[in-house]
Amino acid sequence: MNPTRNFCIIAHIDHGKSTMADRFLELTGLVEKNKLKEQMLDSMDLERERGITIKLQPVHMTYRIPNDKGQMTNEKDDFGIFNSDFDIEDSEYALNLIDTPGHVDFSYEVSRSLAAVEGAILLVDATQGIQAQTLANLTVAQKHKLTIIPVVNKIDLPNAEPERVAFELAELLKCDPDSIIFASGKTGQGVELLLQRIIRDVPAPKEAANNSLTALVFDSQFSSYRGVIAHVRVMSGSIKAGDTIKMMANQQSFMVEEVGVMQITPKPINELQAGDIGYIVTGLKRVADCRVGDTMTLLSDPAETALPGYHQPQPMVYASLFSAESDTLNLRTALEKLSANDAALAYEPHYSEAFGAGFRVGFLGLLHLEITKERLEREFNVELIITTPEVAFHGDTINGYEEPWIKAEIVTPPAYIGQIMDLVETRCGEYQSMHYLGTDTSDGDTAHKTAILEYDIPLAEIILDFNDQLKSITAGYASLSYDLIGYRPGKLVELSILIAGDKVSPFTQLVPVNQVESRGRILTKRLKDLIPKQMFEVSIQAAANGKIIARENVPAMRKDVTAKLYGGDVTRKRKLLEKQKEGKRKMRQLGRVSVPTDVFIQALKPSN
Ligand code: GTP
């Protein structure tokens, strides 16, 4: 059996993970060069269209060190590292790579991958330098005690600054800058060396102390032909087709139909052993029976303790989803199936006066919401109504509300610190700390190149447009990552809408005090345009704290549709009346006022 190395690639979004993975596939001969599609491991259409990774993706490769003993020797190598233990005899290695997404909304995918491997390649774009997600992912990798292999990537780009970036990385990792690999996933430069460095530096999987099977489920998916397919890391023991497995958390058992490794497509093998990463066809029909984070063991010889699983991630934003065709059953099935493939998706039934039966869904961020919406529409053919995303508040009007706060880490070139501080202040942020990375001494210039700012900020202040604002005031240079830190009393008030004097409860919402007036104005203005003229003047009012804070009027109209028809053209007259009737059907009565049914969607949709 070949010695094994398990690793993943972590990086800030777009720093080149999937492209680097392409080069690995090519170098190890798993995919022939002329058959390789760009970002091969991004298998979903949506991922390829948008050029982003959404799902983690395991791949099993075999690497043979070339006869000329590659680019590494046992001597002190080009990179100043000497490791006399490394034996580069001509031999083959099994490499298990897990490609992970870079965007903060998909960080649950990253943390699950990190628990299944021994090493992580930390890629940093040579033109961008260290960014917020570089730090966030590195912190998680260090918590898992992974061996980190730092790489400065995209060195082929004309504006690359590999030395500066390496210097900063070295400071961050407290390592020798000369040990950092310079590479380009595009041209392939440095990639072979990187593979060899993985073999040399990432520890082989540890021999387990006992032989009972424990296998960590780090991902699962549902196939309508084969049922639930689990991706596992075997920690101890072994597993093969025919074994009867017990899931340690939910006690379900099943007989293994097939085991194998992912080589872009699944390749069945005889047995997965301790240290291996592979898939298991369970035949189970419900993903809930084979949850991500659960431990598989043998029914006949169960392990005593389960592996530490995962914490279900906390949703950051909530929105309510309804089927536009009132086909709630179809929406439920779609959500069930999608959550089989997305362990971070949380939902529960929810009834709304405005939209009827639907679901309240928690998302890890707005991109997660957007991707979920697109997948539901594309993969499951449901037409959706989605309410404005909001954070979860605790409490009530009497005892007061609490709102979620986050710790935000903003990474930026120092030139923009002033603007960022101004922005964060308008968002009620509380300054925590600031420090610098990298003192560039290569040309005698001692200016700092990267600053890291820490703030506590109410989540509601950043969730919608903070990142866009941050990008626009810093010419795209600054980046943000954040973690929930808890709930604090919030200055929130109830904003309600009265139409012709009647409170219309679907419009009632909790709003931060400083935004209540502007929200009230936006809502009344929108409603003025959306509500058709009635036989009487209709007032639209926004109220908060017992006061009217905004008001608009829809002037009255005598609605005689046939008035302008002279003569006795009966058919035309009938047509018009019929049209009016049809129009009426799509209307809904709010007190004395009839409004088009989509008024809620139109009025409550997020403003751009
Ligand atoms: P996410 O998974 O969405 O975080 O992205 P990623 O880190 O996988 O990045 P990806 O490989 O998709 O690359 C992002 C962009 O950078 C693509 O347009 C690539 O073609 C480009 N790119 C990646 N590596 C290199 C490189 O070494 N040199 C150059 N010039 N471009 C690169």
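Contact here means heavy atoms within 4.5 Å, and helix directions are compared through axes fitted to C-alpha atoms, with angles from 0 to 180 degrees between N-to-C directions. With that in hand, the predicted model can be taken from its overall make-up to its individual side chains.

The protein chain has 608 residues, and 51% of them count as buried. Its secondary structure amounts to 14 helices and 32 strands. About 28800 Å² of the chain is exposed, with carbon and sulfur atoms supplying 48% of that area. Among contacts between residues at least 6 apart in sequence, 70% join residues at least 24 apart.

A good place to begin a closer look is the open sheet formed by six strands. Its order is S2-S3-S1-S4-S5-S6, and the pairing is mixed. Strand S2 (57-64) and strand S6 (181-182) stand at the edges; each has a single partner strand, so one side of each is left without a neighbour in the sheet. Strands of a sheet pair through backbone hydrogen bonds, either parallel or antiparallel. Both senses can be followed here, starting with strand S1 (residues 4-11) and strand S4 (residues 119-125), which run parallel and are joined by five bridges. One residue pair that marks this register is isoleucine 9 with its bridge partner in S4, isoleucine 121. S1 also pairs with S3 in the parallel sense, over six bridges, and here threonine 4 has alanine 94 of S3 as its bridge partner. The antiparallel sense appears between S2 and S3, which are joined by eight bridges. Methionine 61 stands opposite leucine 95 of S3. S3 itself is mostly covered, as seven of its eight residues are buried.

Helices pack against this sheet. Helix H1 (residues 17-27) lies across S1, S2, strand S3 (92-99), S4 and strand S5 (147-153), and runs at about 150° to S1. Helix H5 (residues 162-173) also packs on the sheet, where it touches S4, S5 and S6; the direction of H5 makes about 160° with that of S5.

What of covalent links between cysteines? A disulfide is a covalent bond between the sulfur atoms of two cysteines. A search of the whole structure finds zero disulfides. Cysteine 8 is buried, with a relative accessible area of 0%, and cysteine 290 is likewise buried, with a relative accessible area of 0%.

Charged side chains offer another set of links. Side chains of opposite charge can pair when their charged atoms come close. The count of salt bridges comes to 18. In one of these, the side chains of aspartate 125 and lysine 154 meet at 3.2 Å, N to O. This pair links distant parts of the chain, with aspartate 125 in strand S4 and lysine 154 in the loop between S5 and H5, 29 residues apart. Aspartate 125 is buried, with a relative accessible area of 4%, whereas lysine 154 is partly exposed at 22%.

A further salt bridge brings together the side chains of arginine 286 and aspartate 289, at 3.0 Å, N to O. Arginine 286 is exposed, with a relative accessible area of 51%, while aspartate 289 counts as buried at 9% relative accessibility.

The side chains of aspartate 456 and arginine 488 also meet in a salt bridge, at 2.9 Å, N to O. Aspartate 456 lies in strand S24 (residues 448-458) and arginine 488 in strand S25 (residues 479-490), so this pair ties together parts that are 32 residues apart in sequence. At 5% relative accessibility aspartate 456 counts as buried, and at 24% arginine 488 counts as partly exposed. Salt bridges that share partners join Lys407, Glu430, Asp456 and Arg488 into one network.

The last residue to consider is threonine 412, which lies in strand S22 (residues 400-412). Threonine 412 counts as buried, at 2% relative accessibility. Which residues is threonine 412 in contact with, leaving aside its neighbours within four places in sequence? They are Ile417, Ile420, Lys449, Thr450, Ala451, Leu453 and Ala478.

Notes: Residues are numbered from 1 along each chain as its sequence is written. This is a predicted model: local features need pLDDT of at least 70, side-chain atom pairs count only at pLDDT 80 or more; totals for chains, interfaces and linings use all residues. Side-chain values use heavy atoms; hydrogens and water are left out. Helices (H or I, at least four residues) and strands (E, at least two) are DSSP runs, numbered from the N terminus. Buried means under 20% relative accessible area, exposed over 50%, partly exposed in between (1.4 Å probe, protein chains only). Accessible areas come from the Shrake-Rupley method with a 1.4 Å probe; for residues, only the protein chains shown count as cover. A disulfide is a pair of cysteine sulfur atoms within 2.5 Å. Two strands pair if DSSP finds at least two bridges between them. A salt bridge is a side-chain nitrogen of Lys or Arg within 4 Å of a carboxyl oxygen of Asp or Glu.
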